[in-house]
Amino acid sequence: MSIAVSTSETDDDALPISGLQHLAFCPRQWALIHLEQVWVENIRTAEGRLLHERADLPGESRRANVRTVRGMWLRSERLHLTGRADIVEFKPEPFPVEYKRGKSKPTDCDTVQLCAQALCLEEMLQATIGRGAIFYGNPRRRLEVEFTPQLRSRTEELTATMHRLYRSSITPAATPGPYCRNCSLVHVCLPEATSQDDAAQWVALQLRSLQQDV
Ligand code: SF4
């Protein structure tokens, strides 16, 4: 199934592919980063950024029958997405490779990001791309990803959601969960304080502790 993003948007409304990874992880995290421009650097994000900066250095090389392009700009007019692929190998079919510092994750946030890169490449090169890979730093290994119809639909649905959220400019309430432990924005988000269910309870608790301190 192909989901069209509103055609009323102009080319300048293209949103970053990397946002899909944040949105798949948590819609509030996406809004804090992409609507409110909050970013908290920590050891994990710094290492990830350095890894990307190295992998992103634009350039090209060839080994055997594989041409490798680093830092390739991507764009989809249909999905209103833009971004950069760490690496695209041409074997000769294009094969995107995304670098991640850490381990593979229990969610599909990385595969969705890679699939969005493939969708952009397909549109740009008028090609069909069946597979790509994510290179994880811990442990160092390449995980191949097949761009199934399900993964393509999920990626397009998330893209449409991301554009809707962007147009609404509303930061969703927190939905606290175990995943908050792995969120670099947990101290900005304050999930217990900002979830709709828990907010009143949290404020009452803070007021009570203030009263006890007086
Ligand atoms: S702390 Fe939890 S709810 Fe808040 S942005 Fe991060 S993952 Fe989302």
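This passage describes the fold, the ligand site and selected residues of a predicted model.

The protein chain contains 8 helices and 7 strands. Of its 214 residues, 44% count as buried. Among contacts in the chain with a separation of 6 or more, 62% are made by residues 24 or more positions apart.

The ligand sits in the largest cavity. The residues around the ligand are Phe25, Cys26, Gln29, Ala174, Thr175, Tyr179, Cys180, Cys183, Val186, Cys189 and Pro191. By residue class, this shell holds 9 nonpolar and 2 polar residues, and no charged ones. Both domain 1 (11-170) and domain 2 (173-214) contribute to the shell, each with at least three residues.

Tyrosine 179, one of the residues around the ligand, is located in the loop between helix 5 and helix 6. Its relative accessibility is 26%, and because buried means under 20% and exposed over 50%, tyrosine 179 counts as partly exposed. Leaving out residues up to four places away in sequence, tyrosine 179 touches Phe25 and Cys26, and these two residues are also among those around the ligand. Tyrosine 179 and cysteine 26 are separated by 153 residues in sequence, while their C-alpha atoms are 8.7 Å apart in space.

Helix 2 spans residues 27-34 and is mostly covered, with 7 of its 8 residues buried. The buried residues are Arg28, Gln29, Trp30, Ala31, Leu32, Ile33 and His34. Of these, Gln29 is also listed among the residues around the ligand. The elements against which the buried residues of helix 2 pack are strand 1 (15-16), helix 1 (18-25), helix 5 (149-168), helix 6 (186-189) and helix 7 (191-194).

Histidine 34 belongs to helix 2 and counts as buried, at 16% relative accessibility. When residues up to four places away in sequence are not counted, histidine 34 touches Pro16, Ser18, Gly19, His22 and Tyr166. In sequence, histidine 34 and proline 16 are 18 residues apart; from C-alpha to C-alpha, the distance is 9.1 Å.

Threonine 68 is part of strand 3, which covers residues 66-76. With a relative accessible area of 16%, threonine 68 is buried. Apart from neighbours within four places in sequence, threonine 68 is in contact with Gly59, Glu60, Ser61, Ile87, Val88 and Glu89.

A second threonine, at position 107, lies in the loop between strand 5 and helix 4. Threonine 107 is partly exposed, at 37% relative accessibility. Threonine 107 and glutamine 21 are 86 residues apart in sequence, and the C-alpha to C-alpha distance between them is 9.7 Å.

Some backbone features of the model concern peptide bonds and phi angles. Most peptide bonds are trans, and most residues other than glycine have a negative phi. A cis peptide bond is found between lysine 91 and proline 92, where omega is about 10 degrees. Proline 92 is placed in the loop between strand 4 (81-90) and strand 5 (94-100). The peptide bond from asparagine 138 to proline 139 is also cis, and its omega is near -10 degrees. Proline 139 is placed in the loop between strand 6 (131-137) and strand 7 (140-146).

A positive phi is found at glutamine 126, with a value of about 55 degrees, although this residue is not a glycine. Glutamine 126 is located in the loop between helix 4 (109-125) and strand 6. At 69% relative accessibility, this glutamine lies over the 50% cut-off and therefore counts as exposed.

Leucine 190 likewise has a positive phi, near 50 degrees. The position of leucine 190 is in the loop between helix 6 and helix 7, two of the helices against which the buried residues of helix 2 pack. Leucine 190 has a relative accessible area of 41% and is therefore partly exposed. The residues at positions 189 and 191, Cys189 and Pro191, are among those around the ligand.

Note on methods
Residues numbered from 1 in each chain as written. Predicted model: local features only at pLDDT ≥ 70, side-chain atom pairs only at ≥ 80, totals over all residues. Heavy atoms only, no water. Near = heavy atom within 4 Å. 1 Å grid on protein atoms, 1.4 Å probe; cavity = no way out; pocket = protein on both sides within 12 Å on 5 of 7 lines; lining within 4 Å. Sits in = over half its atoms within 2 Å of the grid points. Nonpolar A, V, L, I, M, F, W, Y, C, P; charged D, E, K, R; others polar. Domains from an automatic or database assignment. Buried < 20%, exposed > 50% of the residue type's maximum accessible area, 1.4 Å probe, protein only. Helix = DSSP H or I, 4+ residues; strand = E, 2+ residues; numbered from the N terminus. Contact = heavy atoms within 4.5 Å.
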